[in-house]
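Open the model in your viewer and colour it by chain. The stops below go chain by chain, then to the contact between chains and the cores.

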Amino acid sequence: MIHYLDNTTNITSEQLHGFFVGWRNPSSSEEHLSLLRGSNHVVLAMDDDSGRVVGFITAITDGVQAAFIPQLEVLPAW
Amino acid sequence: MRRMLDQLRAYPCVDLTCDSHLQPFYERFGMTHSVGMVLRRYMKPAVEFRRLQADEEDAGYQVILDTVAWLRSRRINQWHTPLPREDYAGRQKRGENFGLFLEGMLAAIVSLRADVPDDWTGDISSPNTRYLSTLTTAFHGRQLGKLTIEHALRWLADHGHTAVYLDCAPGFLEQYYSSLGFTRVRQQLRHYSWGSCECVLMKIEIAK
């Protein structure tokens with residue numbers, strides 16, 4: 001089963017593997033966690049069985065008018 | 001995506017950029033096509049012709065060494081000794097060494113010199129001319145020489161130069177440069193430390 005989180009409070013870099021498929025210089029798990037924490041909004045898709053993050057989407061905003069969605073990725077197996 | 005748009009429901013503008021094949025996916029959430037501009041600092045230009053920077057001089061000279069070794073290994077009778085390192089360093093100091101970069105990788109070098117070899121000084125007078133030498137490619141068989149010449153001529157035209165000279169052996173190389181628009185000025189015997197050879201001075205006028 002999948003459940004969704006809207007924060008990174010209890011997420012560690014160990015739960016972030018296999019993303020940035022096809023990138024020439026993929027971000028490390030630590031950089032991945034850092035960009036999630038630095039975003040104004042996140043949604044994380046969590047696999048209940050493994051406890052791993054299997055999908056994520058981020059947004060950054062000005063707090064009033066505009067929001068931008070830099071990244072959306074789901075692990076290929078999901 | 002649905003959950004994120006729910007989080008962002010207070011924002012009148014929600015933007016993203018994506019490849020065109022992903023647009024149908026985002027249309028499902030009510031998004032529409034737009035036109036965007038992006039800067040990707042990690043992406044190198046496909047083709048770039050420019051002066052070699054100080055920390056690129058060694059890489060430029062290595063292209064010469066590699067080519068001399070390659071010619072020798074095939075017993076090709078050209079470039080018997082590499083250009084002395086100090087000569088290349090002198091050109092570097094004067095800003096005469098250039099490189100052709102393909103996606104950030106040095107693919108060819110050329111020197112665009114203000115001075116002229118002694119043998120040709122009587123033939124070249126105008127200060128607005130440059131003498132092209134040491135055209136050397138890091139890979140073979142990809143028309144890099146032609147590409148480098150084209151970019152060099154464009155650079156020189158943009159910087160107010162009116163003509164370019166070079167010299168080469170008669171025969172194959174003369175035909176090669178003729179095919180790129182150079183014309184023969186005259187031929188003479190030139191003397192080098194390793195011996196003598198017939199050389200043809202060639203010229204091309206460059207239009208602004």
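Helices and strands here are DSSP runs, with at least four residues for a helix and at least two for a strand, numbered from the N terminus. Keep in mind that this is a predicted model.

**Stop 1: chain A.** Select chain A and show it as a cartoon. Starting at the N terminus, its elements run β-α-β-β-β-β. That gives one helix and five strands. Now colour by burial. Of the 78 residues of chain A, 15% count as buried. Turn on contacts with a sequence separation of 6 or more: in chain A, 38% of them come from residues 24 or more positions apart.

**Stop 2: chain B.** Switch to chain B. Six helices and eight strands make up its secondary structure. Trace the chain along the sequence and you pass α-β-α-β-α-α-β-β-β-α-β-α-β-β. Chain B has 208 residues, of which 19% count as buried. Take the contacts in chain B between residues at least 6 apart in sequence; 62% join residues at least 24 apart.

**Stop 3: where the chains touch.** Show both chains. Here 13 residues of chain A are in contact with eleven residues of chain B. On the chain A side, select strand S2 (41-47), strand S3 (53-61) and strand S4 (66-68); each supplies at least two residues of the side that touches chain B. Colour that side by class: nine residues are nonpolar, three polar and one charged.

**Stop 4: a pairing across chains.** Stay on S4(A) and add strand S1 (residues 13-15) of chain B. The two strands pair in the parallel sense, over three bridges. Which residue of S1(B) is the bridge partner of Ala66(A)? Select Cys13(B): this is the partner of Ala66(A).

**Stop 5: the largest nonpolar core.** Go to Val110(B), Leu132(B), Ala152(B) and Met202(B). These have the most contacts inside the largest nonpolar core, which has 23 residues. Next, select strand S3 (97-102), strand S4 (105-113), helix H5 (144-158), strand S6 (163-168) and strand S8 (195-205) of chain B; each supplies at least two residues of this core. S4(B) gives the largest share, five residues. Zoom in on Ala152(B). Leaving aside residues up to four places away in sequence, Ala152(B) touches Phe49(B), Phe98(B), Val110(B), Leu112(B) and Leu132(B).

**Stop 6: another core.** Apart from the largest core lies another, of eleven residues. Finish by selecting Leu44(A), Ala59(A), Ala67(A) and Ile69(A), which are among them.

Notes:
Residues are numbered from 1 along each chain as its sequence is written. Chains are lettered from A and ligands numbered from 1 in the order in which they are written. This is a predicted model: local features need pLDDT of at least 70, side-chain atom pairs count only at pLDDT 80 or more; totals for chains, interfaces and linings use all residues. A residue is buried if 20 or more other C-beta atoms lie within 10 Å of its own, exposed if 12 or fewer, and partly exposed in between; C-beta atoms are placed from the backbone. Two residues are in contact if their C-beta atoms, placed from the backbone, lie within 7 Å. Ala, Val, Leu, Ile, Met, Phe, Trp, Tyr, Cys and Pro count as nonpolar, Asp, Glu, Lys and Arg as charged, and the others, Gly among them, as polar. Two strands pair if DSSP finds at least two bridges between them. A nonpolar core is a set of buried Ala, Val, Leu, Ile, Met, Phe, Trp, Tyr and Cys residues joined through C-beta atoms within 7 Å.
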